[in-house]
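Could you load the model and set it to cartoon, with side chains hidden for now? We'll walk through it one selection at a time.

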Amino acid sequence: MKAFIVDKYKSKDGGKIENVPIPVLKADEVLVEVYAAGINLLDSKIRKGEFKLFLPYKTPFILGHDLAGIITKVGAQVQKFQVGDHVYARPADHHIGTFAEFIAVNEADLAIKPTELTMEEAASIPLVGLTAWQALIEKGNLQKGERVFIQAGSGGVGTFAIQLAKYLGATVATTTGTANIELVKSLGADVVIDYRKDDFEKVLNDYDLVLNSQDGLTLEKSLQVLKPGGKLISISGPPDPDFAKQIGASWFVKLIMRLLSSKVRKKAKKLNVDFSFLFMRASGSQLNKITTLVNAGVIKPVIDKIFPFQSVNEAIAYVESGRAKGKVIIKVK
């Protein structure tokens with residue numbers, strides 16, 4: 001099969017398509033023929049080695065964290081799926097590799113894809129959908145009537161998180177550029193701040209929850225918009241001691257994460273707000289719940305561009321540019 005291979009971190013070519021063997025199935029896995037794969041900023045960070053501290057991949061490896069496709073083979077112990085099922089998934093860490101014609105996925109990470117969506121639309125959802133779900137519902141416990149600030153509303157996570165937060169009954173504030181104001185409003189954003197013209201920390205106050213996806217400076221400013229007892233959940237770092245414990249990190253990695261997050265944790269404590277880092281995890285059961293919302297028309301995928309399989313590097317570069325509205329997709333088949 002053809003697959004996009006990263007043969008070394010920070011390689012000049014970024015990776016290339018090569019012929020590799022089709023994966024051999026384990027008993028609890030299914031073989032999926034990949035029709036479409038979503039591009040995420042995580043793909044860029046992984047191939048640059050930015051997460052090697054806690055998520056090391058032995059080179060060469062196949063890149064890619066989102067997929068939609070059709071099951072062509074099932075392992076001996078698989079119970080929930082059968083050959084011919086149309087599925088989508090964000091495979092678990094250390095089992096990624098969606099930029100390929102086939103991938104073996106644990107059945108626990110899979111869900112039947114939303115019925116009305118194309119393969120490309122379905123492939124846009126898993127990683128950003130699970131990120132938003134785990135941030136707003138699982139970690140943030142966002143309630144009806146609360147106020148949430150979702151940064152970068154026109155991005156992949158932002159476009160999904162705005163819709164999910166509105167479904168939960170929250171008031172949603174977001175930041176975006178001038179050209180995308182109407183887009184985020186159409187998704188349900190109540191307060192829209194043009195980051196080119198205004199500083200969000202001067203506009204917002206007394207918020208219950210902030211979903212941070214930007215840099216360290218934005219992170220510190222975000223602390224200022226929370227009410228006492230509010231929560232700041234960051235998906236862009238820095239990793240904190242709770243996360244180190246969650247992944248069973250070594251004492252050395254725990255120490256590094258404690259140091260990396262010490263500044264923001266101290267500021268949060270001083271302001272009586274909660275800071276936590278979220279690195280989303282694969283979950284077929286949560287994807288099933290997301291499928292229900294998509295099938296009900298509550299959440300609609302937002303896709304900017306679809307690239308051909310041979311243009312993975314160009315697609316990642318486009319995502320890195322920060323100009324994408326919603327998701328960027330690779331059409332594999």
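Before the first stop, one term: two strands count as paired when DSSP finds at least two bridges between them. Keep in mind, too, that this is a predicted model.

**Stop 1: strand S12 and its partners**

Select residues 207-212, which make up strand S12. Are the residues of this strand buried or exposed? Six of its six residues are buried, so S12 is mostly covered, where buried means under 20% relative accessible area.

Now add residues 147-150, strand S9. S9 and S12 run parallel and are joined by three bridges. To see one of these contacts up close, show Val148, whose bridge partner in S12 is Leu209.

Next, colour residues 226-234, strand S13. S13 also runs parallel to S12, and five bridges join the two. Pick Leu211 here and you'll find Ile233 of S13 standing opposite.

If you switch on hydrogen bonds, remember that strands of a sheet pair through backbone hydrogen bonds, either parallel or antiparallel.

**Stop 2: a three-stranded open sheet**

For the antiparallel case, move to S2, S1 and S4, which form an open sheet in the order S2-S1-S4. Which strands stand at the edges? They are S2 (16-19) and S4 (61-62): each has a single partner strand, so one side of each is left without a neighbour in the sheet.

Zoom in on S1, residues 2-6, which pairs with S2 in the antiparallel sense over four bridges. Click on Ala3 and look across to S2, where Glu18 stands opposite. While you have side chains on, note that in a regular strand they alternate between the two faces of the sheet.

**Stop 3: the second largest pocket**

Turn on a surface and select Pro23, His95, Ile96, Ile103 and Ala104. Of the 14 residues that line the second largest pocket, these lie nearest its centre. The pocket has a volume of about 300 Å³. Strand S7 (residues 102-106) supplies the largest share of the lining, with three residues. Colour the lining by class and you'll get nine nonpolar, three polar and two charged residues.

**Stop 4: the cavity**

How many cavities of 30 Å³ or more are there? The count comes to one, and about 70 Å³ of space lies inside. To frame it, select Ser124, Ile125, Val128, Gly156, Thr159, Phe160, Gln163, Ile299, Lys300, Pro301, Val302 and Lys327, which line the cavity. Helix H4 (residues 156-167) gives the most to this lining, with four residues. By class, the lining has six nonpolar, four polar and two charged residues.

**Stop 5: Arg323**

Jump to Arg323, in the loop between helix H11 (312-320) and strand S16 (327-331). This residue has a relative accessibility of 54% and so counts as exposed. Show its surroundings: leaving aside neighbours within four places in sequence, Arg323 is in contact with Asp304 and Tyr318. Then draw a C-alpha to C-alpha distance to Ser154, which is 169 residues away in sequence but 9.1 Å away in space.

**Last stop: the annotated span**

Finally, select residues 14-330. An unreviewed UniProt entry lists this stretch as "domain: Enoyl reductase (ER)". In the model, the span is 33% helix and 25% strand, and its end C-alpha atoms lie 16 Å apart.

Conventions:
Residues are numbered from 1 along each chain as its sequence is written. This is a predicted model: local features need pLDDT of at least 70, side-chain atom pairs count only at pLDDT 80 or more; totals for chains, interfaces and linings use all residues. Side-chain values use heavy atoms; hydrogens and water are left out. On a 1 Å grid over the protein atoms alone, a cavity is a set of points where a 1.4 Å probe fits but cannot get out, and a pocket is an open set with protein on both sides within 12 Å along at least five of seven lines; lining residues have an atom within 4 Å of a point. Grid points are joined across faces, edges and corners, and a volume is the space filled by probe spheres set on the points. Ala, Val, Leu, Ile, Met, Phe, Trp, Tyr, Cys and Pro count as nonpolar, Asp, Glu, Lys and Arg as charged, and the others, Gly among them, as polar. Buried means under 20% relative accessible area, exposed over 50%, partly exposed in between (1.4 Å probe, protein chains only). Contact means heavy atoms within 4.5 Å. UniProt positions are given in the numbering used here, feature names are shortened, and annotations may be inferred rather than shown by experiment.
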